[in-house]
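Open the model in your viewer and keep the selection panel at hand. This tour goes stop by stop.

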Amino acid sequence: MLPGVSEDVEAYTMNKVAIVGATGAVGQELMGCLERRDFPVSELVPLASPASAGKTVRFRGEDVLVQVAGEDSFTGVDIAFFSAGATRSRALVPAARAAGALVVDNSSAFRMDEDVPLVVPEVNPGDLKGHGGVVANPNCVAAILTVALAPLRALGSIERLIVSTYQSASGAGAKAMEDLIVQTRDHLAERPVVPRVLPHPYAFNLFSHDSAIEENGFNGEENKVIAETQKILGKPNLAMTVTCVRVPVLRAHTESVHITFDRPVSPENAKRALESAPGVRWVDDPAANLFPMPVEASGEDDVLVGRVRMDGIDDHSLNLLICGDQLLKGAALNSVQIAEALTATHTQDA
Ligand code: NAP
């Protein structure tokens, strides 16, 4: 049970739940998480773009009609999950709030707003306190990363992070996953490979993350990971550098992490802290050369962590490898965990 989440499931009231972006990669997983975790949903309102009007989504064994998202979509809605990009969140979150819904936003629209908590429930559940009705779900790399870093705070203060990512297609949405499959088929059949969603050939290739390069030379994804990790850990001045790379993996992101502490540390103590940590699965079998891998992390709630070792340079620094299903812990699962915590708090306060 996560800190801040009521054990008294019966304390939950039933909720009318809207999902903006219900037809997308994260939206589909959101419905799966709500079902799996038996979240108390009295009515589901799946919302998407006009292109999805008339389609249905499957929820709890029934087909539910998708509606076009608009300002009038939130009447009577208790909880609205937003998963349709920052532009849609900026346009429609005010309408959802005006209708009285609690909002869990998967987009980057409000993550760095001072009055909006950015929460990973295993890491900073206390930040939910005093929320103003909108809680932001972090960037997927930052969410997975902080789950693995949180237990290591027991070893000392984290002073510096160097992170390199190996990011999957699913991080760019359902169409990017489809594009990788089509490109791979075309490549194997010796047909011309035409990128349709991401900017470069993707099958049997990798490239610097597709977000735009910003003024400081980092791309948008790297800047998000830095700012959001600092916010989630409550360390705005944490020294941090990140390189984000897209690899031809369908699902689950991998991250190579170098951590420097304010004091000497040992891999044994790191292992001890990680093995029992919430949201972490220790995957480390040196004899079999078996460490976290996307195929193992896909569909898993836990973030896989292993290959913890001294960095070979100084006695304050560790290397580790982590891998997490970013559609789950990086998005849908984390959002539902936030909603569980919000609902419990809401009910206790009422
Ligand atoms: P996706 O697979 O491309 O899905 C996008 C969803 O947004 C679809 O349901 C789409 O509906 C809907 N949408 C697009 N335009 C819309 C409009 N004008 N009005 C209403 N709905 C509209 O993308 P995704 O990967 O699920 O990502 C969704 C959001 O989650 C993004 O903000 C992303 O940054 C965030 N996020 C994603 C991940 C990840 O790992 N993928 C992780 C964390 C956060 P149609 O099907 O009708 O087009």
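Select the lining of the largest pocket: by class, this lining has 18 nonpolar, 22 polar and eight charged residues. Keep in mind that the model is predicted. In total, 48 residues line the largest pocket. To find its middle, pick Ser83, Ala84, Gly85, Ala172 and Gly173, the lining residues that lie nearest the centre. The space in this pocket comes to about 1,200 Å³.

Next, colour the helices. Those that give two or more residues to the lining of the largest pocket are H1, H2 (86-98), H4 (174-188), H5 (220-233) and H8. Which helix gives the most to this lining? Select H2: its share is four residues.

Now show the ligand. The space it takes is the largest pocket, the one you have just toured. Two elements give two or more residues to the shell around the ligand: helix H1 (25-36) and helix H8 (328-349). Both H1 and H8 also appear in the list of helices for the pocket lining.

Select the shell itself. How many residues surround the ligand? The number is 25, and the closest are Thr23, Ala25, Val26, Ser49 and Ser52. Colour the shell by class and you get ten nonpolar, 14 polar and one charged residues.

Time for the polar contacts. Start with Ser49, one of the closest residues. A polar atom of the Ser49 side chain is 2.6 Å from a ligand oxygen atom. Move to Gly21 and show its backbone. Here a polar backbone atom lies 3.2 Å from an oxygen atom of the ligand. Then select Arg88. A polar atom in the Arg88 side chain sits 3.5 Å from a nitrogen atom of the ligand.

Last stop: switch on the surface of the ligand. On its own, the ligand has 900 Å² of accessible area. How much of that does the protein cover? The covered part is 78%.

Methods:
Residues are numbered from 1 along each chain as its sequence is written. This is a predicted model: local features need pLDDT of at least 70, side-chain atom pairs count only at pLDDT 80 or more; totals for chains, interfaces and linings use all residues. Side-chain values use heavy atoms; hydrogens and water are left out. A residue is near a molecule or strand if one of its heavy atoms lies within 4 Å of it. A polar contact is a pair of N or O atoms within 3.5 Å; within protein, one must be able to donate a hydrogen and the other to accept it, and residues adjacent in sequence count only if both atoms are side-chain atoms. Accessible areas come from the Shrake-Rupley method with a 1.4 Å probe; for residues, only the protein chains shown count as cover. On a 1 Å grid over the protein atoms alone, a cavity is a set of points where a 1.4 Å probe fits but cannot get out, and a pocket is an open set with protein on both sides within 12 Å along at least five of seven lines; lining residues have an atom within 4 Å of a point. A molecule sits in a cavity or pocket if more than half of its atoms lie within 2 Å of its grid points. Ala, Val, Leu, Ile, Met, Phe, Trp, Tyr, Cys and Pro count as nonpolar, Asp, Glu, Lys and Arg as charged, and the others, Gly among them, as polar. Grid points are joined across faces, edges and corners, and a volume is the space filled by probe spheres set on the points.
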